[in-house]
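Below are some questions and answers on one protein model. Look at the structure before reading on.

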Amino acid sequence: MDVGELLRAEIGGEMGTCKLLQEQCGSAFELWLPHKQANHLNLFNNRQQPKKKRKSRTAFTNQQIFELEKRFLYQKYLSPADRDEIAAQLGLSNAQVITWFQNRRAKLKRDMEELKKDVQTVNPLLVAQHHKTFLENVQDLGILKKRPLPNSMDEKS
């Protein structure tokens, strides 16, 4: 097995092959490898501690949701003082109030974009239907029909 084959096998991630390469090629192996690949030799030795567990999802009560929605109707962004006040009133943390308002603004944005798409889809249909009805009404009224011009001779006779 030549060095190229050994290097290709090493890139596959075999720890035993890495050691074999180091033994056969010595320092030339480490110089040849790009920086990131050389660092991955220590991946198995540097295991990270498991991440901190996330807090479970907060289930807001109906009363809390009602009060938050009521406030959101006229105030989309809260000052720190308003946030403290609402959090204290509802028994929530500042972070929960911040997150609720962020999520609610995102939901409003999504809903507005969907509504805009719906209007753009329906609007051409309504305009086409309206114009058709208007034209039919004009034709029914006879406005577009040619009428004979009154002749001055006919009026005298």
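Q: Which residue lies over the face of F72, and at what distance from the ring centre?
A: The model is a predicted one. A charge counts as over a ring if its atom, NZ in the case of Lys, is within 6 Å of the ring centre and within 35 degrees of the ring normal. The residue placed over the face of F72 is K76, and its distance from the ring centre is 4.5 Å.

Q: How many helices and how many strands does the protein have?
A: From the N terminus on, the elements run α-α-α-α-α-α-α-α. The count is therefore 8 helices and 0 strands.

Q: Why is the pair of F72 and W100 given its class, and what is that class?
A: The structure holds 3 aromatic pairs. In the pair of F72 and W100, the ring centres are 6.2 Å apart and the planes stand at 85°. Planes over 60 degrees apart count as edge-to-face. The angle of 85° therefore makes this pair edge-to-face.

Q: Which parts of the chain does this pair link, and how many residues apart are F72 and W100?
A: Both F72 and W100 are buried. F72 belongs to helix 5 and W100 to helix 7, so the pair links distant parts of the chain. The two residues are 28 residues apart.

Q: Which residues do ring pairs link into a cluster?
A: F72 and W100 form one of the pairs. The cluster linked by ring pairs consists of F72, W100 and F101.

Q: Which elements give two or more residues to the largest nonpolar core?
A: In soluble globular proteins, nonpolar side chains tend to be buried together. Here the largest nonpolar core has 10 residues, among them L68, F72, L78, W100 and F101. The elements that give two or more residues to this core are helix 5 (62-74), helix 6 (80-90) and helix 7 (94-141).

Q: What does L78 touch, not counting residues up to four places away in sequence?
A: L78 is one of the residues of the largest nonpolar core. With residues up to four places away in sequence left out, L78 touches R71, R83, I86, V97 and F101.

Q: Within what arc do the buried residues of helix 5 fall?
A: The buried residues of helix 5 are Q64, L68, R71 and F72. Seen down the helix axis, they line one face of helix 5, because they fall within an arc of 105°.

Q: Which residues are exposed on the other side of helix 5?
A: Exposed means over 50% relative accessible area. On the other side of helix 5, the exposed residues are N62, L73 and Y74.

Notes. Residues numbered from 1 in each chain as written. Predicted model: local features only at pLDDT ≥ 70, side-chain atom pairs only at ≥ 80, totals over all residues. Heavy atoms only, no water. Core = buried A, V, L, I, M, F, W, Y, C linked by side-chain atoms within 4.5 Å. Buried < 20%, exposed > 50% of the residue type's maximum accessible area, 1.4 Å probe, protein only. Helix = DSSP H or I, 4+ residues; strand = E, 2+ residues; numbered from the N terminus. Contact = heavy atoms within 4.5 Å. Arc of directions from axis to C-beta. Phe/Tyr/Trp six-rings, centres within 6.5 Å; stacked < 30°, edge-to-face > 60°.
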